[in-house]
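Thanks for sending this one over. Here are my notes, jotted down as I went through the model.

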Amino acid sequence: MCQIDTIPPTSAEASIRKQIAERNNVSESYVARSEKFMRGVEIMEQMVPGMQEKILSGQFKVRDGRMIEIYVVTALGPIPLATMGSSEWRSTGQNYLKSLLALGFQAFLIMIVVGIYAVLIRNISGAADIAGAIWGCMGYTVLLCFCLFKTGSISKSVFGAH
């Protein structure tokens, strides 16, 4: 967590956050998460000029971010694996292996979630009520998004990774 995330918002910031939440009919925590997301997008823009437009326009897909995550985790692998030889630092290497296994297991969970989604959507196509089918599809899509975001925390908890 960044140091800026630990600083509580001022009363003016909290008031603005509350107004935005009320105006858009969302929770204040949703607004706070959106602020954190935008901070990350702005950091990416500083590191790679033009990235903000790609992220916000949808040109930069989730799969691209996942591939970057996999590349970074595997590229930095020799550093924590070098600690496996020391009895004092062995837990660092073990935690790295746990997080690497969790990353692989997350891909498996993503395949399961997308497969379940495909089955659920296929059953909607035969519905006689078009409005019900649209709302059902939207509901399943929201459920898909929620489940996809949870796959990371589920896989980390299965392997006990930090």
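What follows is a set of numbered points, starting with the ground rules.

1. **Ground rules.** Keep in mind that this is a predicted model, where local features need pLDDT of at least 70, side-chain atom pairs count only at pLDDT 80 or more, and totals for chains, interfaces and linings use all residues. Numbering runs from 1 along each chain as its sequence is written, and side-chain values use heavy atoms, with hydrogens and water left out.

2. **Overall fold.** The protein chain has eight helices and zero strands, giving the pattern α-α-α-α-α-α-α-α along the sequence. Helices here are DSSP runs of H or I with at least four residues, strands are runs of E with at least two, and both are numbered from the N terminus. Among the contacts in the chain with a separation of 6 or more, 45% come from residues 24 or more positions apart; a contact means heavy atoms within 4.5 Å.

3. **Surface and burial.** Of the 162 residues in the chain, 15% count as buried. The cut-offs are under 20% relative accessible area for buried, over 50% for exposed, and partly exposed in between (1.4 Å probe, protein chains only). The accessible surface of the chain is about 11,900 Å², and carbon and sulfur atoms hold 66% of that. These areas come from the Shrake-Rupley method with a 1.4 Å probe, and for residues only the protein chains shown count as cover.

4. **Helix 7.** Does the length of helix 7 agree or disagree with what its 35 residues should span? It agrees: at 1.5 Å a residue, residues 90–124 should span 51 Å, and the end C-alpha atoms are 51 Å apart. The expected span is 1.5 Å times one less than the number of residues. Buried along helix 7 are Gly93, Tyr96, Ala102, Leu103, Gln106, Leu109, Val113 and Ile124.

5. **Helix 3.** The same check on helix 3 (residues 28–47) gives an expected 28 Å for 20 residues, in agreement with the 29 Å between its end C-alpha atoms. Its buried residues are Val31, Ala32 and Val41.

6. **The salt bridge.** How many salt bridges does the structure hold? One, using the cut-off of a Lys or Arg side-chain nitrogen within 4 Å of a carboxyl oxygen of Asp or Glu. The partners are Arg17 and Glu35, at 2.5 Å from N to O. Arg17 lies in helix 2 and Glu35 in helix 3, so the pair ties together parts that are 18 residues apart in sequence. As background, side chains of opposite charge can pair when their charged atoms come close.

7. **Around Arg17.** Is Arg17 buried or exposed? Arg17 is buried, with a relative accessible area of 17%, whereas Glu35 is partly exposed at 29%. Leaving aside neighbours within four places in sequence, Arg17 is in contact with Pro9, Glu28, Val31, Ala32 and Glu35. Val31 and Ala32 are also on the buried list for helix 3.

8. **Two loop residues.** Asn25 sits in the loop between helix 2 (11–24) and helix 3. Asn25 has a positive phi of about 60° although it is not a glycine, and at 71% relative accessibility it counts as exposed. Thr83, in the loop between helix 6 and helix 7, is buried at 17%. Not counting residues up to four places away, Thr83 touches Trp89, Arg90, Thr92 and Gly93.

9. **Nonpolar patch.** Ile68, Val72, Leu76 and Ile79 make a nonpolar surface patch of about 370 Å². Patch residues have over 30% relative accessible area and no salt bridge; nonpolar side chains (Val, Leu, Ile, Met, Phe, Trp, Tyr) are joined within 5 Å, and like charges within 9 Å. Leu76 belongs to the loop between helix 5 (62–75) and helix 6 (78–81), and is partly exposed at 47%.

10. **Cysteines and helix 8.** A search of the whole structure turns up zero disulfides, meaning no pair of cysteine sulfur atoms within 2.5 Å. Why is Cys147 without a bond to Cys145? The sulfur in Cys145 is the closest cysteine sulfur to that of Cys147, but at 9.4 Å it is too far. Cys147 is partly exposed at 28%, and Cys137 is partly exposed at 29%. Met138, in helix 8 (residues 130–159), is partly exposed at 43%. Met138 and Ile121 are 17 residues apart in sequence and 9.8 Å apart in space, C-alpha to C-alpha.
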